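Biologist: Got the model open, can you walk me through it? I'll just throw questions at you.

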Amino acid sequence: MSAAVRRVPVIALTGHLGAGKTTVLNRLLRTPGARLGVVVNDFGSINVDAGLVSGQIDQVGSIAGGCVCCLEDVGELDAAFDKLARPELRLDAIVVEASGFAEPGPLARLIHYSEAAVRPAGLVDVVDAVEHFETVDTGGHPAVRFAVATLVVLNKCDLVSSERLERIEQRIREVNPSVQIVRTSHGAVDPALLLDVASHEDPPDQLPIGALLRQVAEEASEHGHEHRHARSVSVSADGPTDPGALLDLLDDPPAGAYRMKGVVRISSGRAMRAYAVHVVGGRVDVLPAAHPTDGAGHLVAIGLDLDESEALQRITAALAPVERPDLEGLKRWRRRERLSR
Ligand SMILES: Nc1nc2c(ncn2[C@@H]2O[C@H](COP(=O)(O)OP(=O)(O)OP(=O)(O)O)[C@@H](O)[C@H]2O)c(=O)[nH]1
């Protein structure tokens, strides 16, 4: 590629399932004046995250149905980059939101070796402060993923004690003593922190490519880059959903469903509203959706040990369309909406 070709900076956004990647991305997308492209990678067959991304996006690409870091070659990612790196789009940066199972190291390598007119511009890892010690750092060595991060966003600080935050930071620094860590609630990271990294033509210490790729190679030889693959079940709705039946499901998810997410439509009898629904670990959030959904909605369940047949049967039953919602269910739904704010 000739030196005259402008390479568009690519920021990789990683983090365990439900850590807050889409929340961080949506904040970033509200940055006034920034021209951003987004590549969304979702695990389930329905790209829920593309529907949950809101704000000013100049272009979007998506890779659904698998983990971006496990792509056989860079072809699919390159195709998305090619679309976004067209000079006439004049994008300031492209953000790749990885699926919750993507390994940061292999993803960084894919971006580095991309043949599209892009350049790596940082790896931002979002940490779920609530679930960290149950999911990413379960004892023994601290998670190697932090070695390749250029910025760690320690999210959900509103839900945990400062002692816990300090303990998490300490563990991260064991593998990456110099990494910048920002504490956030609801993904409220200063966009300048992310975009500054991207604005340097050749980020000096921000992304030490040599060290990073060595690290990735070591990681691959140690673990064969064989992270366990999750199972997922995606179900589309055919009409408005019964809020009571759905809450029963979200409060008692199918066996092995660590994460559930989607968009549903709820009718109050007079009006129809779209809601984003989330389950992460044991926590349930229902909030008005930023965009009305295409069709009547959908719900995805994801988990390493998901019982797919139970999930399919129970989600299908919970999404069975109703003409009029049960009033008690609607009251419970509104209460939950207030608690989720
Ligand atoms: N209380 C609280 N909730 C948060 C915070 N950040 C995100 N959430 C909620 O956590 C849930 C998951 O957030 P997302 O941004 O969708 O997480 P994600 O990492 O994109 O999820 P996946 O793409 O499925 O891995 C949603 O219900 C968010 O509203 C936070 O700082 N505090």
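Biologist: What's the strand order in the open sheet of five strands?
Modeller: The order is 8-12-9-10-11, and the pairing is antiparallel. Strands here are DSSP runs of E with at least two residues, helices are runs of H or I with at least four, and both are numbered from the N terminus. Two strands pair if DSSP finds at least two bridges between them.
Biologist: And which strands stand at the edges?
Modeller: Strand 8 (231-236) and strand 11 (283-288); each has a single partner strand, so one side of each has no neighbour in the sheet. On average, neighbouring strands are turned by 20 degrees against each other, direction ignored. Axes are lines fitted to C-alpha atoms, for helices over the stretch in contact, with angles from 0 to 180 degrees between N-to-C directions.
Biologist: How many bridges join strand 8 and strand 12?
Modeller: Six, in the antiparallel sense, with strand 12 covering residues 297-303. S234 sits opposite V300 of strand 12.
Biologist: What packs on the sheet there?
Modeller: Helix 10 (residues 308-318) touches strand 8 and strand 12, and its direction makes about 20 degrees with that of strand 8. Contact means C-beta atoms, placed from the backbone, within 7 Å.
Biologist: Switching to the ligand, which residues are closest?
Modeller: T22, T23, G100, H278 and D285, out of 22 that surround the ligand. The cut-off is a C-beta atom, placed from the backbone, within 6 Å.
Biologist: Which element gives the most to that shell?
Modeller: Helix 1, with three residues.
Biologist: Why does the ligand lie between the domains?
Modeller: Because domain 1 (8-223) and domain 2 (231-340) both give residues to the shell. Those bounds come from an automatic or database domain assignment.
Biologist: How far do I trust this?
Modeller: It's a predicted model: local features need pLDDT of at least 70, side-chain atom pairs count only at 80 or more, and totals for chains, interfaces and linings use all residues. Residues are numbered from 1 along each chain as its sequence is written. Mean pLDDT, the predictor's confidence in each residue from 0 to 100, is 84 for the protein.

Definitions and conventions
Two residues are in contact if their C-beta atoms, placed from the backbone, lie within 7 Å.
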